[in-house]
Amino acid sequence: DIHAILDPGDQDYFYKTRSERIKMPLENLVPLRGKNLGILKTALIPLKSMLAEADYFSGPSPLYPDFIAFGAFKWAAASSPLKVLEGDEEIQGWFDRMENFYQEKIRALEEKPLL
């Protein structure tokens, strides 16, 4: 999906270097999506158990672990139409809370001029 959203001048380089890195053409990854999503869902189990006890991985408010994980999921959402959190209410709820956290920070900055 990333290849498709790149500027045309960058696509050849991206395709070549990523295909070399994974030792297969990029299009061979598409059929593996279901398997890889399953692996991701399994990897998220410990995070889901943390969210059963608090709104954020760090507890009652977001801290470094939340920001790092949010960045990865935000990147995935921005670079692919694939909904990696679809059907995962706990992680999706956390993601939505993180989105709201950032939106509140942006609104606060917009309301308070720097100069």
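**Figure 1. Helix α5 at the largest pocket of the predicted model.** In this predicted model, α5 contributes the most to the lining of the largest pocket, supplying 5 residues. The pocket shown here has a volume of about 740 Å³.

**Figure 2. Residues and elements around the largest pocket.** The largest pocket, with its volume of about 740 Å³, is lined by 23 residues, and those closest to its centre are D1, I2, L29, R33 and W75. Two or more lining residues come from each of the elements α1 (2-5), α2 (8-22), α3 (33-43) and α5 (64-79).

**Figure 3. Chemical character of the lining of the largest pocket.** Sorted by residue class, this lining holds 14 nonpolar residues, together with 4 polar and 5 charged ones.

**Figure 4. The second largest pocket and its lining.** This pocket encloses about 160 Å³ of space. Its lining consists of F73, A76, A77, S80, L82, K83, V84, L85, E86, Q92 and F95. By class, 7 of the lining residues are nonpolar, 2 are polar and 2 are charged.

**Figure 5. Helices at the second largest pocket.** Both α5 and α6 (89-111) provide at least two residues of the lining of the second largest pocket. Helix α5 gives the most, with 3 residues. Helix α5 is likewise the element that gives the most to the lining of the largest pocket.

Technical notes
Residues numbered from 1 in each chain as written. Predicted model: local features only at pLDDT ≥ 70, side-chain atom pairs only at ≥ 80, totals over all residues. Heavy atoms only, no water. 1 Å grid on protein atoms, 1.4 Å probe; cavity = no way out; pocket = protein on both sides within 12 Å on 5 of 7 lines; lining within 4 Å. Points joined across faces, edges and corners; volume = space filled by probe spheres on them. Helix = DSSP H or I, 4+ residues; strand = E, 2+ residues; numbered from the N terminus. Nonpolar A, V, L, I, M, F, W, Y, C, P; charged D, E, K, R; others polar.
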